Amino acid sequence: YSLPEDIQEAYNNMPLEPTSTTSDVSTNALEEYYWYFQLASNSTKDTIDFTASIISPPKIVLPYAGVTVNLYDISAGKYINFFSDFDTDSWAFAFDGEFTGLQSNHSYRLSAGAAITLPTGYFGETAKTLTDDIKTK
């Protein structure tokens, strides 16, 4: 494994003072962080309601969590609208939204993305995506 050229150059040019030590470097092991992203949707004649949820292990607070939900018209193959929101400092997040003024008895696709900032001391995925095809009534 080799570092990207610009990072290797920055590392090579990093000045070290003669009194520097490694005694202040943390030797705590990092822990892998698992979180869940869910998308639930419901439709009426001209509306699609949805809830995008981000859930992490209880008592492990996420500094940041955000979602974007895009709406596509499947038959026309075009983007219609989007929803975006974020929150901070919690272990569970629920983002509710709706798309209105839609055609009845028509197929749409929700495409959702979630991003989080991992808590200190953890590593793992920081983004996930989901899709859901739904038909208005």
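Let's start with His 106. Is it buried or exposed? His 106 is buried, at 13% relative accessible area. The cut-off for buried is under 20%, so 13% falls inside it. Keep in mind that this is a predicted model.

Where is His 106 in the chain? His 106 sits in the loop between β6 and β7. Now look at its partners. Set aside the neighbours within four places in sequence. His 106 then contacts Asp 73, Ser 75, Ile 134, Lys 135 and Thr 136. With Asp 73 there is a side-chain polar contact of 2.9 Å. With Ser 75 there is another side-chain polar contact, at 3.4 Å.

Stay with Ser 75 for a moment. Ser 75 is in the loop between β4 and β5. Ser 75 has a relative accessible area of 62%, so this residue counts as exposed. His 106, by contrast, is buried. Ser 75 also comes up in a backbone distance. Ser 75 and Ser 107 are 32 residues apart in sequence. In space, their C-alpha atoms are 7.2 Å apart.

Now step back to the whole fold. The protein has one helix and nine strands. What is the order along the sequence? The helix comes at the start of the pattern, and the strands follow: α-β-β-β-β-β-β-β-β-β. The protein has 137 residues, and 27% of them count as buried. Next, the contacts. Take those with a separation of 6 or more. Of these, 65% are between residues 24 or more positions apart.

On to the core. How many residues are in the largest nonpolar core? There are 26. The residues with the most contacts inside this core are Phe 37, Ile 54, Val 67, Val 69, Phe 99, Leu 110 and Ile 116. Which elements give two or more residues to it? They are β2 (36-43), β3 (48-55), β4 (62-73), β6 (92-99) and β7 (107-117).

Next, the aromatics. The whole structure has six aromatic pairs. One of them is Phe 50 with Phe 83. This pair is edge-to-face, with 5.2 Å between the centres and 80 degrees between the planes. The pair links distant parts of the chain. Phe 50 is in strand β3, Phe 83 is in strand β5 (residues 78-90), and 33 residues separate them. Are these two buried or exposed? Phe 50 is at 3% relative accessibility, so Phe 50 counts as buried. Phe 83 is at 16%, so Phe 83 counts as buried too. There is a third ring to add. Phe 50, Phe 83 and Phe 99 form one aromatic cluster. Phe 99 we met a moment ago, in the list of residues with the most contacts inside the core.

Now the charges. Side chains of opposite charge can pair when their charged atoms come close. How many salt bridges does a search of the whole structure find? Two.

Take Arg 109 and Asp 133. The closest N and O atoms in this salt bridge are 2.6 Å apart. Arg 109 is in strand β7 and Asp 133 is in strand β9 (residues 127-135), 24 residues apart, so to speak of distant parts of the chain being linked is fair. Arg 109 is partly exposed, at 34% relative accessibility. Asp 133 is also partly exposed, at 44%.

The other salt bridge joins Glu 125 and Lys 128, with the closest N and O atoms 3.7 Å apart. Glu 125 is partly exposed, with a relative accessible area of 49%. Lys 128 has further partners. Lys 128 lies over the face of Trp 35, at 4.7 Å from the ring centre. Lys 128 also lies over the face of Tyr 36, at 6.0 Å from the ring centre.

Last topic: backbone angles. Which residues have a positive phi although they are not glycines? Lys 59 is one, with a phi of about 70 degrees. Lys 59 is found in the loop between β3 and β4. Its relative accessible area is 80%, so Lys 59 is exposed. Asp 89 is another, with a phi of about 55 degrees. Asp 89 is in strand β5. Asp 89 is exposed as well, at 55% relative accessible area.

Notes
Residues are numbered from 1 along each chain as its sequence is written. Side-chain values use heavy atoms; hydrogens and water are left out. A nonpolar core is a set of buried Ala, Val, Leu, Ile, Met, Phe, Trp, Tyr and Cys residues joined through side-chain atoms within 4.5 Å. Buried means under 20% relative accessible area, exposed over 50%, partly exposed in between (1.4 Å probe, protein chains only). Helices (H or I, at least four residues) and strands (E, at least two) are DSSP runs, numbered from the N terminus. Rings of Phe, Tyr and Trp (its six-membered ring) pair if their centres lie within 6.5 Å; planes under 30 degrees apart count as stacked, over 60 as edge-to-face and the rest as tilted. A charge sits over a ring if NZ of Lys or CZ of Arg is within 6 Å of the ring centre and within 35 degrees of the ring normal. A polar contact is a pair of N or O atoms within 3.5 Å; within protein, one must be able to donate a hydrogen and the other to accept it, and residues adjacent in sequence count only if both atoms are side-chain atoms. Contact means heavy atoms within 4.5 Å. A salt bridge is a side-chain nitrogen of Lys or Arg within 4 Å of a carboxyl oxygen of Asp or Glu.
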